[in-house]
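Trainee: I'd like to learn how to read helix packing and cavities in a model. Can we go through one together?
Mentor: Sure, let's put it on the screen.

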Amino acid sequence: MPPTSPEQEWKKGSAELLVLSLLEDQPRHGYDISKLIQIRSGGVLRFHVTSLYPLLYRLEERGWIASRWVEKAEQRRRRYYNLTPEGRKVLRAQRKSWKEFVAAISLVTGVENA
Amino acid sequence: MHNWKRIVQDRLALLHLEPTAELDLVEELSQHLEDVYRELRSSGADDEEAYRSAVSELKDTYALRTESVRAQRMPQYDFVPPGGAVQGRFPWIGLIDILWRDVRYATRILRKAPVFVLIVVLMLGLGIGANTTVFTVINTLILNPLPVPDPSGLAAVGLMKPGSTPRSGAPLPLSYADLKDYQARNRVFRALAGYTSSRPVTRQDAEISEGMFGQLVTSNYFSTLGIKPVSGRFFLPDEDATPGAHAVAVINYGTWQSRFGSAAGIIGKTVRLNHVDFTIIGIAPRHFIGVNGIFGPDVWVPASMAEALFPNEMQGALSNRGKVFFQGVGRLNSGISMAQAQANMNTLAADLGREYPAVDEGYAAMVVPIRDVLLANTGGSSTRVLAVGTGLLIVVGIVLLIACSNVANLLLAR
C-alpha cells in the first residue's frame, strides 16, 4: 500500500474526524464542539469560528451531519448538529484510516505512541 | 453588554450573503462569540480582553462565505420541551414555521419596494391577462365552439344569390313563412329550426330598467340542437303556433347567474321585456349561448312573440315572406350528406321561387356546416378567425416572454 494514501486521508480528514467523533454520542452545538476539542486536546487543538462553522456546513452539505435549531424554555435557541447514519459510516472509515496512518508513522519513525 | 449580532453582521456585510443564510449565520456566530466572551469573563478576564479574544475569532471571514454559499438552504426548526429530545416529534410544525417566515420575509421585501412590486405585477398581469383573454377567445371559437351533442350533424340553412356566396360565409336569412315551408317539405333534416339574431330588449323591473338581448326562436330550436335545460323546460310545439299567445322565455345560464343571482325559484317568475310580461320556463345549459361563436342572447322567446316583443320592427314578420329575419339550423337525417341536403333544399327553393316569385324568385338554398356560421356575427370566416387567433396567441405569448425577461432584468439590476 502506498504510504501517501492514508496520509492524504489524514490531512483531509483530521478536522472532520474530530468533529464526527464528538457527535458520535450526542448532538452538540458549535460552541460545545469547539470547547470539547480544546479541552480534550489539552489546549493543543483549537478552532476559530471561521474554521469551525465552514467545516460544519461542509459536513452537513455532504450529508454526514444534520443540524436543527432547537428552542428550549428559558434558553436561547441553538443550532444542534448530530451524526447521520452516513456520517457514522464515514466516522468508522476515518478511524480505521487514522489507525493505519499512526501505525505507518510508528513503523517508520520507531515512535511507539504517535 | 456587547451587541454580538451587530458585530457579526458588520463583519459579514461585505460578504453579501443571501439574506436568509446570513440571518442564520449571524445568529449562530453571535451566540458562539457571546459564549466565548462569557467564559473568558467568568475565568477572570476583563471586558476589553474578553471582547478582543472573542472578536479575534472572526478573522478570515472569507471561508465563511465560501461554505455558506454552498450551504445556502433553509434551516430546519424544531420546538422541544425543556429536556426533550433534539429530534422533533412534529416536523410539520417546523415546515409551517418556515413557511410563515418566508411569507413575512416576502412581505417585508415587497413593502420595502412598492414601486418595483407594482411594476412587476403590472408587467406580469398584462402578459398573463392578454394570454388568458386570447386563449379564451380561441377556446370558445375554435376548440369548443358549440356545446351541443354531435355539432357535425348540424347544418346552417338559408338562402344565397346564385353565383355569389355571402361574404360572411353564412347564408342569407329566411322569412318565417318560408322557414315553415322548408320545415314541412324537406326530406333531409330530422328537424329544422329557426332563430333570429340577438336583438336589444329592455327589461323593466319595479326598480330598474336595463338593456338585455333577446332572440326569437322556433319552438323546436333547442330540441334540434339536442340540448336539455338545467332547470325547467324548453318550448312546447304549440308555443310558437299562435302569434302573441305564449309569452314564455328561456334564460341564458350566465344571465341567470349574473342578472338573477342564480335564484333557485326563478322558474315560473315573470320578466318584463319591452312592456310584455314573459314567464320564465327554463334555464339553458351552462356555456350555451345559442348558435353564436362569441356573443349570445340573454333570453330566448318563441318566434310567435315576434310582433308582441318588437311591434315596429317585426310587424308582419310571421306572415310576410319579404321580411327575412330567421337563420335556419337543421339536424341532418342519418346518412344524409351536406351535398344531398343542399340538393333537396335547392329544389324546394326553386319551388318557392315559382310559388312566390315576388319575394323568393332568384334565390338558391344554402346549406353549410354549422361551424362555418358561428363566427359570421363576428364578421369573419372560421379560417380567418383561426389564422388571426393563432397569430394573436403567438403575439401575446411573445409579450408574456418579454414581460418575464423584463422582470428578470429588473431583478438582476436590483
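Trainee: How are α7(B) and α11(B) oriented to each other?
Mentor: Keep in mind that this is a predicted model. To read a helix pair, start with the angle between the axes. Helix α7 (residues 176-185) of chain B packs against helix α11 (residues 338-355) of chain B at an angle of about 130 degrees, and their axes are 11 Å apart. Angles from 115 to 145 degrees fall among the oblique ones, so α7(B) and α11(B) are oblique to each other.

Trainee: And what is the hand of the crossing of α7(B) and α11(B)?
Mentor: That crossing is right-handed. Next, look at who touches whom. On the α7(B) side the contact is made by B:D178, B:D181, B:Y182 and B:R185, and α11(B) brings B:M345, B:L348, B:A349, B:D351, B:L352 and B:E355. Sorted by class, the residues of this contact of α7(B) with α11(B) are five nonpolar, no polar and five charged.

Trainee: Let me try a pair that spans two chains. At what angle do the axes of α3 of chain A and α2(B) cross?
Mentor: The axes of helix α3 (residues 49-62) of chain A and α2(B) cross at roughly 135 degrees and come within 11 Å. α3(A) and α2(B) are therefore oblique to each other. The hand is read the way we did before: α3(A) passes α2(B) in a right-handed crossing.

Trainee: Which residues make the contact of α3(A) and α2(B)?
Mentor: From α3(A) you'll find A:V49, A:L52, A:Y53 and A:Y57, and from α2(B) there are B:L25, B:E28, B:L29, B:H32 and B:L33. By class, this contact of α3(A) with α2(B) has seven nonpolar residues, one polar and one charged.

Trainee: Now for empty space. How many cavities of 30 Å³ or more does a search of the whole structure find?
Mentor: The general idea is that rolling a probe the size of a water molecule over the atoms shows where empty space is left. Here the search finds three cavities of 30 Å³ or more. Take the second largest cavity, which holds about 50 Å³ of space.

Trainee: Which residues line the second largest cavity?
Mentor: Chain A supplies A:H29, A:G30, A:Y31, A:Y53, A:R78 and A:R79, while chain B supplies B:E28, B:Q31, B:H32 and B:D35. The elements giving two or more residues to the lining are α2 (30-40) and β3 (78-83) of chain A, along with α2 (19-42) of chain B.

Trainee: Which element gives the most to the lining of the second largest cavity?
Mentor: α2(B) does, with four residues. The lining as a whole has two nonpolar, four polar and four charged residues. Look back at the helix pair too: A:Y53, B:E28 and B:H32 are among the contact residues of α3(A) and α2(B), and A:Y53, B:E28 and B:H32 also line this cavity.

How values were computed
Residues numbered from 1 in each chain as written. Chains lettered and ligands numbered in written order. Predicted model: local features only at pLDDT ≥ 70, side-chain atom pairs only at ≥ 80, totals over all residues. Heavy atoms only, no water. 1 Å grid on protein atoms, 1.4 Å probe; cavity = no way out; pocket = protein on both sides within 12 Å on 5 of 7 lines; lining within 4 Å. Points joined across faces, edges and corners; volume = space filled by probe spheres on them. Nonpolar A, V, L, I, M, F, W, Y, C, P; charged D, E, K, R; others polar. Axes fitted to C-alpha atoms, helices over the stretch in contact; angles between N-to-C directions. Parallel < 35°, antiparallel > 145°, perpendicular 65-115°, else oblique. Left-handed = near helix turned anticlockwise from the far one by under 90°. Contact = heavy atoms within 4.5 Å.
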